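The following exercises are intended to be worked through with the sequence and the coordinates at hand. Each task is followed by a solution in steps.

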Amino acid sequence: MQDQMTAPYACQPEESRGRRWPERMSTFRSPWQRDRDRIIHSSAFRRLKHKTQVFVEHEGDYYRTRLTHTIEVAQVARTIAGALGLNTDLAETVALAHDLGHPPFGHTGEDALAALMAPYGGFDHNAQALRIVTRLERHYADFDGLNLTWESLEGIAKHNGPVTGDLPYALAEVNAEWDLELHTNASAEAQVAAVADDVAYNHHDLHDGLRAGLFTEADLAELPVVGEALARVDALHPGLEPMRRRHEALRRVFGVMVEDVIAVAQNRLASLQPQNVQEIRDMEGPIIRFSKPLYQNLKAIKLFLFQRMYRAPSVVVERRRVTEMLNGLFPLFLDDPSKMPRTWFEAAEAAGDETGRARVVLDYVAGMTDRFAIQEAQRLLG
């Protein structure tokens, strides 16, 4: 394994483009260690512990939340970045921030808010994460937001690839103030964070679906990669207790994904020989990705999860219920902002027009945890 930042295409702290509001360098921390720490200490990060991954947070103590998912993504990102000689601190920072903009109730909440916000500029959780770290976190004396480095903001904006076409208003506002070069790829570190996200949820959604009884190990034995892992465990540990068998198989699936990403990246980097981070940004397509065979296998796993987990009857019932909550709360606050806390009410009153008021309401509702949204729906909607 390589040491951190040995690669010429790694992001180097001394080459950072800095912060929107200049600050003195920290005595003990690199720019991205400082960014990481600000994210961890943010209010939005703490709220992730009560936000859904797939299951609503009250449904069980063992299911992943946005917070536990985020921690897993950060761990995978550090592993891959370290193996490739990249800056592990930047990869971890982007991983820790990547889901800050998620509303309550996971992708169901995002779908509901996107529909509600369609007349007012739309909603996208990546853009909302940028809005949080540049505007909505208001703790520092000298600036709104966290004043993260350009590289961290770039990673949040485009870790999934270049952003083209009509921009969500939250992203457009940030980009107008500081050009994030949305037409290019992100740094290799941000690309690592994106792939780490895929690794983490492919792994833990299998775990959580099994725990919820939405499918069985016998079902998984029919899937590529997972079936091979189960067979390998059975060969090495015949008669293993079911929970241990499950864990042993899925940790092997986890390992297959991580090792594949590292091997593919090492081969492509050795072939293309990029000499700096800008060459990574200017490439056609990402440098960090799964191999084509594994990517096809993961598509089969994702289709299985979609059919058996994300659209399972019990999950669909819950999706309808929480969508109704948001469809009730959003117009209620839009029509009567006084039902929000005083600071939010005052911001809505000062917004000037309906679009501005809707965006204030969105910031308030999107920041809710699952449990708070449920409490407010019970209190205000009955």
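**Exercise 1: An aromatic cluster**

F333 is buried, with a relative accessible area of 0%. The model that contains this residue is a predicted one.

Task. Determine which ring forms an edge-to-face aromatic pair with F333, and which parts of the chain the pair links.

Solution.

Step 1. The burial of the second ring is established beforehand: Y364 has a relative accessible area of 8% and is buried, the cut-off being under 20%.

Step 2. The geometry is then examined. The rings of F333 and Y364 lie 5.4 Å apart, centre to centre, and their planes make an angle of 75°. Planes over 60 degrees apart count as edge-to-face, and the F333 and Y364 pair is therefore assigned to that class.

Step 3. The two residues are placed along the chain. F333 belongs to helix 15 (residues 313-335) and Y364 to helix 17 (residues 354-366); they are 31 residues apart, and the pair links distant parts of the chain.

Step 4. The surroundings of the pair are added. Ring pairs join F333, W344 and Y364 into a cluster.

**Exercise 2: A stacked pair**

Task. State how many aromatic pairs are counted, and classify the pair formed by Y140 and F143.

Solution.

Step 1. The count comes to 4 aromatic pairs.

Step 2. In the pair of Y140 and F143, the ring centres are 5.1 Å apart and the planes meet at 25°. Planes under 30 degrees apart count as stacked, so the Y140 and F143 pair is stacked.

Step 3. The accessibility of each partner is compared with the cut-offs. F143, at 8% relative accessibility, is buried, whereas Y140, at 33%, is partly exposed.

**Exercise 3: Contacts across the sequence**

Task. Describe the surroundings of F330, and state whether A115 is buried or exposed.

Solution.

Step 1. F330 is located in helix 15. Its relative accessibility is 2%, and F330 accordingly counts as buried.

Step 2. With residues up to four places away in sequence set aside, F330 touches L113, L116, M117, A358, V361 and L362.

Step 3. One of these contacts is followed along the chain. F330 and L116 are 214 residues apart in sequence, while their C-alpha atoms are separated by 7.7 Å.

Step 4. A115 is located in helix 5. At 55% relative accessibility, A115 counts as exposed, since the cut-off is over 50%.

Step 5. The C-alpha atoms of A115 and N327 are separated by 9.4 Å, although the two residues lie 212 residues apart along the chain.

**Exercise 4: A covered helix and the loop that follows**

Task. State how many residues of helix 4 are buried, and give the place and the contacts of D99.

Solution.

Step 1. Helix 4 is mostly covered, with 10 of its 10 residues buried. Among them are the charged residues D89 and E92.

Step 2. The cover over these buried residues includes helix 1 (31-40), helix 2 (43-47), helix 3 (66-83), helix 6 (125-136), helix 7 (150-158) and helix 9 (188-211).

Step 3. D99 lies in the loop between helix 4 (88-97) and helix 5 (106-116). With a relative accessible area of 2%, D99 is buried.

Step 4. Beyond residues up to four places away in sequence, D99 touches L48, R66, H69, T70 and H125.

**Exercise 5: A residue before the helices**

Task. Decide whether S16 is buried or exposed, and name the residues that S16 touches.

Solution.

Step 1. S16 is found in the segment before helix 1.

Step 2. Its relative accessibility is 19%. The cut-off for burial is under 20%, so S16 counts as buried.

Step 3. Not counting residues up to four places away in sequence, S16 touches W32, T149 and E151.

**Exercise 6: The chain as a whole**

Task. Characterise the secondary structure, compactness, burial and charge of the chain.

Solution.

Step 1. The secondary structure comprises 18 helices and 0 strands.

Step 2. The radius of gyration is 21 Å, close to the 21 Å that the globule rule gives for 382 residues, so the chain is as compact as a globular protein of that length. Along the principal axes, the C-alpha trace spans about 65 × 50 × 40 Å.

Step 3. Of the 382 residues, 57% count as buried. Among contacts with a separation of 6 or more, 73% are between residues 24 or more positions apart.

Step 4. The exposed area is about 17200 Å², of which carbon and sulfur atoms supply 50%.

Step 5. The chain carries 43 positive and 54 negative side chains, and the centres of the two sets lie 3 Å apart.

Conventions. Residues are numbered from 1 along each chain as its sequence is written. This is a predicted model: local features need pLDDT of at least 70, side-chain atom pairs count only at pLDDT 80 or more; totals for chains, interfaces and linings use all residues. Side-chain values use heavy atoms; hydrogens and water are left out. Helices (H or I, at least four residues) and strands (E, at least two) are DSSP runs, numbered from the N terminus. The radius of gyration is taken over C-alpha atoms; the globule rule is 2.2 Å times the number of residues to the power 0.38. Buried means under 20% relative accessible area, exposed over 50%, partly exposed in between (1.4 Å probe, protein chains only). Contact means heavy atoms within 4.5 Å. Accessible areas come from the Shrake-Rupley method with a 1.4 Å probe; for residues, only the protein chains shown count as cover. The place of a charge is taken as NZ of Lys, CZ of Arg, CG of Asp or CD of Glu. Rings of Phe, Tyr and Trp (its six-membered ring) pair if their centres lie within 6.5 Å; planes under 30 degrees apart count as stacked, over 60 as edge-to-face and the rest as tilted.
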